[in-house]
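Subject: Structure for you to look at

Hi there,

Here is the structure I promised to pass on. Please open it alongside this email, and my notes follow just below.

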Amino acid sequence: MHKYTADKICPVSSEPLVNTVIILDDAGKILALEPMDQHDPASVARLNGVLTPGFVNTHCHLELSHMKGKVDTGTGLIPFITGVVTKRNAEAAEIAEAIKNAEQEMLDGGIVALGDISNAPDTFAVKSKGRMRYHTFLELFDFLQDAGAEKTFSDGLKVFEQLNHAHGSTATLVPHAPYSVSKTLFQKINAFNAYSGITVSIHNQETPPEQELFLEKKGGFLDFYGKFGISLDAFEANGKPSIYYALEQMNPALRTLFVHNTLTTRQDIEAAQAWSDFVYWATCPNANLYIENRLPDYTAFLSTGARVTIGTDSLTSNWQLSILEEMKTIARYQSYVPFETLLRWATLNGAEALGFSDTLGSLEPGKTPGILLIQGLQPDGKLGEKATVQRLI
């Protein structure tokens, strides 16, 4: 049994607590949260800082961990994608070692669950060990070519069937992005995910050329596809931002995680939330800076009550895989976002988005969410550059 108290305990699902003890069994299951005066002080580990649940990283590409530093920063999404496509090949041993090290980095940084994009089975061996809960998004794309949808789906299904998750982890087939998935492929993915209670994800509104493609059939994606010999002659712009194409094609009955949302407006958020009651928004601020040198407008998400989550993206597009560093980046550039809000984005919202809130995301009896100690908050309670995180359980 373990007993901890600290300057403050943040259950996330309720208001912060002081003069409180959190009691856990040896497996990390929370047994109770009780007033400090009910316990012998000698039986309680007293810590300086804030106790929180473990972090949930809702968006990563773990299989790209071997590409750290191989793609330039600040180029914009299209050159970034080109870099990934042309430089991702490596020896299997190098890929496997990088994946193992990246997972350990996340575990050490307090991450207890991961929403992970996969295009290949490279991460499956690590996931089978169950060191954290995984939701694998097996991602499909046919570059808007309806004629290629059948083969794309068939090939993706073969990879999906190789996945051997540990107990508690889950998986779905998902579309990559509006600019890379045809209507036919959307239909096949929807049919596969026809049962309820699951999560799908899609990259959303990351770059101006994505918007230009759907608004006017102009911009950099026409040249990008042309360089790979892919014709968009049959594609028709709908005169709306790219998210509206996704809303027309996806299933509103499923939990849907829109990822990045760098250019998403309040109007877009309201449209998505009118479309479905199960919408979540993953923000990956350091990756947004790495690729596009821009951040989302978080006021749009706060003002609409949007359920935001936090991801790291991959080591191809980030300097580290740390949810705390993502929180710090938001606090640095958009300091109006309170620490308690950032913490909810990093924990309970993420757990709910991945379908893991039965065990993760909040400090409540019966859950095994992991216990983190965050130290170094500023005197006003805000998250500053000197903040650190230590995983206790």
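Let me begin with the cavities. In the largest cavity, helix H5 (residues 183–192) supplies the largest share of the lining, with three residues. Please keep in mind throughout that this is a predicted model.

How many cavities of 30 Å³ or more are there? The count comes to two. The largest holds about 60 Å³ of space. If you would like to select its lining, pick Pro175, Phe186, Ile189, Asn190, Asn193, Val200, Met250, Asn251, Leu254 and Thr256. Sorted by class, that lining has six nonpolar residues, four polar ones and no charged ones.

The second largest cavity holds about 50 Å³. Around this one you will find His260, Asn261, Trp281, Ala282, Thr283, Pro296, Tyr298, Phe301 and Val308. Strand E11 (279–283) and helix H11 (298–303) each contribute at least two residues to the lining, and E11 gives the most, with three. By class, the lining of the second largest cavity divides into six nonpolar, three polar and no charged residues.

His260, one of the residues lining that second cavity, deserves a look for its backbone too. Most residues other than glycine have a negative phi. Histidine 260, however, has a positive phi, near 90°. This residue sits in strand E10 (residues 255–260) and is buried, with a relative accessible area of 2%.

Asparagine 19 also has a positive phi, of about 50°, without being a glycine. Is asparagine 19 buried or exposed? With a relative accessible area of 60%, asparagine 19 is exposed. You will find asparagine 19 in the loop between strand E1 (2–9) and strand E2 (20–24).

Next, a helix. H4 (residues 149–160) is made of twelve residues and spans 16 Å from its first C-alpha to its last, close to the 16 Å expected at 1.5 Å a residue. Its buried residues are Ala149, Thr152, Phe153, Gly156, Val159 and Phe160. Why do the buried residues of H4 line one face of the helix? Seen down the axis of H4, they fall within an arc of 120°, so they share that face. The face turned away from the buried side carries Lys151 and Lys158, which are exposed. As for what covers the buried residues of H4, the list includes helix H3 (124–127), strand E7 (133–140), strand E8 (170–175) and H5. H5 is thus part of two of these stories, as a cover for the buried residues of H4 and as a contributor to the lining of the largest cavity.

One last spot is glycine 384, in the loop between strand E13 (371–375) and strand E14 (388–391). Glycine 384 is buried, with a relative accessible area of 6%. Which residues is glycine 384 in contact with, leaving aside its neighbours within four places in sequence? They are Lys328 and Gln378. The C-alpha atom of glycine 384 is also separated by 7.3 Å from that of alanine 331, although the two residues are 53 apart along the chain.

That is my tour. Enjoy looking around, and do write back with any questions.

Best wishes

Terms used. Residues are numbered from 1 along each chain as its sequence is written. This is a predicted model: local features need pLDDT of at least 70, side-chain atom pairs count only at pLDDT 80 or more; totals for chains, interfaces and linings use all residues. Side-chain values use heavy atoms; hydrogens and water are left out. On a 1 Å grid over the protein atoms alone, a cavity is a set of points where a 1.4 Å probe fits but cannot get out, and a pocket is an open set with protein on both sides within 12 Å along at least five of seven lines; lining residues have an atom within 4 Å of a point. Grid points are joined across faces, edges and corners, and a volume is the space filled by probe spheres set on the points. Helices (H or I, at least four residues) and strands (E, at least two) are DSSP runs, numbered from the N terminus. Ala, Val, Leu, Ile, Met, Phe, Trp, Tyr, Cys and Pro count as nonpolar, Asp, Glu, Lys and Arg as charged, and the others, Gly among them, as polar. The expected span of a helix is 1.5 Å times one less than its number of residues. Buried means under 20% relative accessible area, exposed over 50%, partly exposed in between (1.4 Å probe, protein chains only). The arc is that of the directions from the helix axis to the C-beta atoms. Contact means heavy atoms within 4.5 Å.
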